[in-house]
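Me: I'd like a close look at one part of this protein: the interior. Could you walk me through what is packed in there, and which charged and aromatic side chains pair up?

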Amino acid sequence: MQRIACPERDDWRATAESTGFTFHTIDGERYWDERAYYAFTLDEIERAIELPTSEIEAMCLELVGRAIDDESYLRRLKIPQAFWDLIKASWHRDEASLYGRLDLKFDGNGPAKLLEYNADTPTSIFEAAVFQWTWLEQAIARNIIPKRADQYNSIHDRLIEAWKKLGGSHRLHLAGMTGNAEDAGTLAYLEDTAAQAGLKTTLLDIGQIGLRDDGQFVDLDDRAIALAFKLYPWEWMFHDAFSKNLATAPTRWIEPPWKAILSNKGILPLLWEMFPNHPNLLPAYFEDDPQAAQLGTSFVRKPIYSREGANIELVSAGVTLVAEEGPYGAEGFIRQALAPLPNFSGQYPVLGSWLVDHTPCGLSIREDENPITGNTSRFLPHAIL
């Protein structure tokens, strides 16, 4: 694994705009950054990233299978009891998942370590699936990177195949916070992949979903929503006004309700409990567990529910190195062993290992001068050399 500086394409911004990648710059700062790329060997991709991703996914599914009918797990995860039956039913109906992203620490030496699982509403998929592939092709053509370069990236094709399995004959509604440029771009991309799979689609803001007197969720045309992709977290849905109707409305959701278990950082101590000393896991404990003392005075403190690095704190030898503010933490915290990200030229990268239909299929990299990856951390492309 190397970070290799390289010239950027003169026309990359115009290329981004033409493909709908309108959030390439956030608050005046570049989000997409191709002034360098991360290079891997094929062996690193296959053995150190792809294989562990598959194994971690299998462990996560085993955890769900164990937790789904054990109320002690659901309590520890602080999932509201009113939705336990909804979650259980979705698992026992074998409701399908579209995608997810494991965030990994990896530096080319030693095994990749799971930092967390973005199992419910991961973004940055358009950049990973499409725009970094475009960069690869054009960078090869323009002699920016070696002719032999390749990329670990079959995300786009796998999404289309997954939609074919998921869609059936139903119209697909895609909903999220369309006023957010990144969410709107993610929804538009996923809508495009669904359309390429042959599905009829409707995109709308999450606030535009209505509830009919017969208990059906409907769109603005009063059309029943039978199948819905939501770029909106389950923990938010559980507290929304229509939450009491989730169990009775016939809408099938993607991601399914059982993903509420995996989109919870409480799975990190539960995985460590189930698979102690697994090479791809970091020691982790619920903060109120006396065993958390085993971590000593160096650890990462994370809210059970948190997004984009909010409310995460890095503590070393009892001293807080860095802490991010945010609105999370009411449900409690976990502590995970401190595993500092590698430093490449003053940048701290996190690897995002993508799964579509439970199959590892691609890689994204976010880096920052801050060792906590946040919403504005830059996205860099990668190549296999």
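Reply: Here is a tour of the interior, starting with the chain as a whole and then going through the cores, the charged pairs and the rings.

Keep in mind that this is a predicted model. The chain has 10 helices and 21 strands. Its radius of gyration is 21 Å, close to the 21 Å that the globule rule gives for 385 residues, so the chain is as compact as a globular protein of that length. Along the principal axes, the C-alpha atoms fill a box of roughly 60 × 55 × 35 Å. Of the 385 residues, 57% count as buried. If you take the contacts with a separation of 6 or more, 68% of them come from residues 24 or more positions apart.

Now for the nonpolar packing. In soluble globular proteins, nonpolar side chains tend to be buried together. Here the largest nonpolar core holds 80 residues, and the ones that touch the most other members are F40, I79, F238, L246, I261, L271 and L351. Helix α2 (residues 42–67) gives this core its largest share, nine residues. I261 is a good place to zoom in: leaving aside residues up to four places away in sequence, I261 touches V64, A67, I68, L74, L77, I79, I87 and I267. A second core, separate from that one, has 48 residues, with I125, L166, L231 and W354 among them.

L271, one of those well-connected core members, belongs to helix α10, and that helix deserves a look too. Seven of the eight residues of α10 (residues 267–274) are buried, so the helix is largely enclosed by the rest of the structure. The buried ones are I267, L268, P269, L270, L271, W272 and M274. I267 also turns up in the list of residues that I261 touches.

The interior isn't just greasy, though: some charged pairs are buried as well. Side chains of opposite charge can pair when their charged atoms come close. Across the whole structure there are 27 salt bridges. Take R378 and D33, whose side chains meet at 3.4 Å, N to O. R378 is in strand β20 (residues 378–380) and D33 is in the loop between β3 (29–30) and β4 (36–40), so to speak two distant parts of the chain, 345 residues apart. Both R378 and D33 are buried. D120 and K230 make another salt bridge, with the closest N and O atoms 2.9 Å apart. That pair also links distant parts of the chain, 110 residues apart: D120 lies in the loop between β6 (113–118) and α5 (125–141), and K230 lies in strand β11 (residues 227–231). D120 and K230 are both buried too.

For a pair with one partner further out, try D219 and R223, whose closest N and O atoms are 3.1 Å apart in a salt bridge. D219 counts as buried because its relative accessibility is 6%, while R223, at 32%, is partly exposed. Salt bridges that share partners also build a network, which joins R3, E8, R30, D33, R35, E367, E369 and R378. So the R378 and D33 pair from above sits within that network.

On to the rings, where the count is 22 aromatic pairs. W91 and W258 have ring centres 5.1 Å apart and planes at 80 degrees, so they are edge-to-face. W91 is in helix α4 (residues 84–92) and W258 is in the loop between β12 (252–254) and α9 (259–262), 167 residues apart. W91 is partly exposed at 23% relative accessibility, whereas W258 is buried at 2%. Y232 and W236 are edge-to-face as well, with centres 5.3 Å apart and planes at 80 degrees. Y232 is buried, with a relative accessible area of 11%, and W236 is partly exposed at 27%.

Rings gather in a bigger group too: F21, F23, Y31, W32, F126, F131, Y189 and F379 form one aromatic cluster. Finally, two arginines are worth clicking on for the way they meet rings. The charged end of R301 sits over the ring of F333, 3.6 Å from its centre. Likewise, R335 has its charged end over the ring of F299, 4.0 Å from the centre.

Terms used. Residues numbered from 1 in each chain as written. Predicted model: local features only at pLDDT ≥ 70, side-chain atom pairs only at ≥ 80, totals over all residues. Heavy atoms only, no water. Salt bridge = Lys/Arg side-chain N within 4 Å of Asp/Glu carboxyl O. Helix = DSSP H or I, 4+ residues; strand = E, 2+ residues; numbered from the N terminus. Buried < 20%, exposed > 50% of the residue type's maximum accessible area, 1.4 Å probe, protein only. Phe/Tyr/Trp six-rings, centres within 6.5 Å; stacked < 30°, edge-to-face > 60°. Lys NZ or Arg CZ within 6 Å of the ring centre and 35° of its normal. Core = buried A, V, L, I, M, F, W, Y, C linked by side-chain atoms within 4.5 Å. Contact = heavy atoms within 4.5 Å. Rg over C-alpha atoms; globule rule 2.2 N^0.38 Å.
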